[in-house]
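Biologist: Please take a close look at a single helix and its surroundings. I would like one connected account.

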Amino acid sequence: HPASMESFPSIYKIIQKIQPDEIYHLAAQSYVGYSFQDEFSTLNTNINGTHYVLSSVAEINKDIKFYFAASSEMFGNTNISPQKEDTPFNPRSVYGISKVAGYNLTKNYRETYNIHASSGILFNHESPRRGPEFVTRKISLGVAKIKLGLQKKIKLGNIKSKRDWGYAKDYVEAIWKILQQKNPDDYVIGTEKNYSVENFLEIAFDHVNLDYKKYIEIDKNLIRPSDINLLVANTKKAKKVLKWKHKTSFIKLVKMMVDHDIKELNKK
């Protein structure tokens, strides 16, 4: 069913036609780096798109369960760590700002229209399906190409930047569990562990018996205008209410991504 997140009529028609039991609203301009370049598109798609889906649900069928993909980027440079559901937001990117707006829209529709609308505040979730413009996949794909003699260097920005990285497949289970709850609510989803881009590099290159320091080139143009230094999840609520916790370790995730890219490149 083709549609545009920037067109209320197209979103409305699809929901009216399908009459879904659940809506998982994952659509967004989600590349944080790009959001600095095209702020208008990011805000328009992420805020209006979310509003259009919520408004359609409120008009068509209030029994539809709605999930909003919120983001750890909403916390930005907070002074509180680890971050949980009631940690104040301080976004440092247009993407983060747009997600705060979507989060508040979801909460507003839940409280005003009594809709089963919930938000999952997901920390970075990665997998072999991640786009190559994102740092994790850029590294795994770069490592695979270097190992196979197809590339010599990987250009990166701030390799000291830290994130709470988990496996997307684990997180999708959490997303589903959120909509199976009797009462709608908001949940922080993460691993409660923190690793730097440099940690990712070291594990990825070590997996193919190479020293990452020989293959990295720091490009100042890739450093964000305002980066976030420390984000790590507090998932106490998710553990208690959803009975969920991540299953896949950071090391296993990195190796999985590198193995996948080597396998795919060998097919070509």
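Modeller: What follows is a description of helix α7 and its contacts. This is a predicted model, in which local features need pLDDT of at least 70, side-chain atom pairs count only at pLDDT 80 or more, and totals for chains, interfaces and linings use all residues. Residues are numbered from 1 along each chain as its sequence is written, and side-chain values use heavy atoms, with hydrogens and water left out.

Helix α7 spans residues 197–207; helices (H or I, at least four residues) and strands (E, at least two) are DSSP runs, numbered from the N terminus. Its buried residues (under 20% relative accessible area, 1.4 Å probe, protein chains only) are V197, E198, F200, L201, I203, A204 and F205. Their cover includes α5, β5, β9, β10 and α9, with contact meaning heavy atoms within 4.5 Å. Just after α7, N209 has a positive phi of about 60 degrees.

The contact between α5 and α7 involves V135, T136, I139, V143 and I146 of α5, and V197, F200, L201, A204 and F205 of α7.

The structure holds 13 aromatic pairs; rings of Phe, Tyr and Trp (its six-membered ring) pair if their centres lie within 6.5 Å, and planes under 30 degrees apart count as stacked, over 60 as edge-to-face and the rest as tilted. The ring centres of F200 and F250 are 5.7 Å apart and the planes stand at 70 degrees, so this pair is edge-to-face. Because F200 belongs to α7 and F250 to α9, the pair ties together parts 50 residues apart in sequence. F200 is buried at 0% relative accessible area, and F250 is buried at 6%.

Conventions: Buried means under 20% relative accessible area, exposed over 50%, partly exposed in between (1.4 Å probe, protein chains only).
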